[in-house]
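This report concerns covalent and charged side-chain contacts in a single model. The structure is shown first, and the contacts are then taken in turn.

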Amino acid sequence: MKGCNDMGMAEQERKRQEKINGVIYNMSPSPGYKHGIINGNIYRVIGNGLKKSLCLAFMENLDFRYHPEESDDYVVPDVMVICDRKHLKGGCYSGVPKFVAETLSPSTAKRDRLEKKDIYEKAGVGEYWIVSPNGNLEIYYLENGTYILEQSYMLQDKVEEPDYNAETEICLREFPHIKMMLGEIFEGLEEVHM
């Protein structure tokens with residue numbers, strides 16, 4: 001017989017959470033499909049660029065324990081690059097990621113912009129992207145322990161427009177050989193009508 005806190009495996013797998021400063025945040029239901037498309041686009045380019053590297057890319061499936069010596073708090077970055085594999089254990093990573101991207105959704109936007117940005121900054125994550133499904137991208141670099149907004153883009157993908165920037169090349173600071181076009185990040189977001 002199951003106890004009060006026992007759940008079936010299928011139910012556990014569907015329930016996603018983060019624990020920040022001792023507070024559990026339920027991440028279910030999943031955000032809209034645009035969130036997943038953007039994360040998949042970023043993950044695919046980075047993953048392909050890391051093929052001949054000891055570094056690994058993860059998408060929405062690895063807990064980052066940002067101060068394991070103090071608590072069992074964790075977040076689940078949308079996209080994360082790690083290079084120090086000795087800090088991988090089960091479904092958790094307790095080292096310092098080289099790169100993190102968070103794609104905003106209505107339920108997490110404030111947390112991604114404030115609490116999680118602060119967590120990544122204090123943990124020493126060198127590059128943090130905040131991506132909005134409406135075509136905005138903010139790139140922060142860690143400089144002397146503080147995030148500095150290095151680049152900010154608003155996608156303009158109509159070629160005839162004077163501010164067209166879909167072909168603007170963006171690369172990861174720590175991995176300059178990994179490059180993607182701004183438009184590539186938001187590719188495939190058009191709604192499909194049947």
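## A salt bridge within helix α4

In this predicted model, the side chains of D118 and K122 form a salt bridge, with an N to O distance of 3.2 Å. The two residues are four positions apart in helix α4, so about one helical turn separates them.

The partners fall into separate accessibility classes. D118 has a relative accessible area of 31% and is therefore partly exposed. K122 is exposed, because its relative accessible area is 66% and the exposed class begins over 50%.

## A buried salt bridge between α4 and β1

Helix α4, which spans residues 115–123, also contains K116. The side chain of K116 meets that of E18 in a salt bridge, at 2.7 Å from N to O. E18 belongs to strand β1 (residues 17–20), so this pair ties together parts that lie 98 residues apart in sequence. Both K116 and E18 are buried.

## A salt bridge between β10 and a loop

A further salt bridge joins E143 to R173, whose closest N and O atoms are 2.8 Å apart. This pair links distant parts of the chain: E143 is in strand β10 (residues 136–143), whereas R173 is in the loop between β12 (169–171) and β13 (179–181), 30 residues away.

E143 is partly exposed, with a relative accessible area of 35%. R173 is likewise partly exposed, at 35% relative accessible area.

## Network and total

Salt bridges with shared partners join E18, E102, R111, D112 and K116 into one network. The structure holds nine salt bridges, among them the contacts K116 to E18, D118 to K122 and E143 to R173.

## The disulfide and other cysteines

The structure holds one disulfide. This disulfide connects C55 and C83, with an S to S distance of 1.9 Å. The link is right-handed, with 105 degrees about the S-S bond. It joins distant parts of the chain, as C55 is in the loop between α2 (33–49) and β3 (56–59) and C83 in the loop between β5 (79–82) and β6 (88–89), 28 residues apart.

C55 has 11% relative accessibility and therefore counts as buried. C83 is partly exposed, with a relative accessible area of 22%; the buried class requires a value under 20%. Accessibility is also available for two further cysteines: C92 is buried, at 17% relative accessible area, while C171 is partly exposed, at 31%.

Key. Residues numbered from 1 in each chain as written. Predicted model: local features only at pLDDT ≥ 70, side-chain atom pairs only at ≥ 80, totals over all residues. Heavy atoms only, no water. Disulfide = S-S within 2.5 Å. Buried < 20%, exposed > 50% of the residue type's maximum accessible area, 1.4 Å probe, protein only. Salt bridge = Lys/Arg side-chain N within 4 Å of Asp/Glu carboxyl O.
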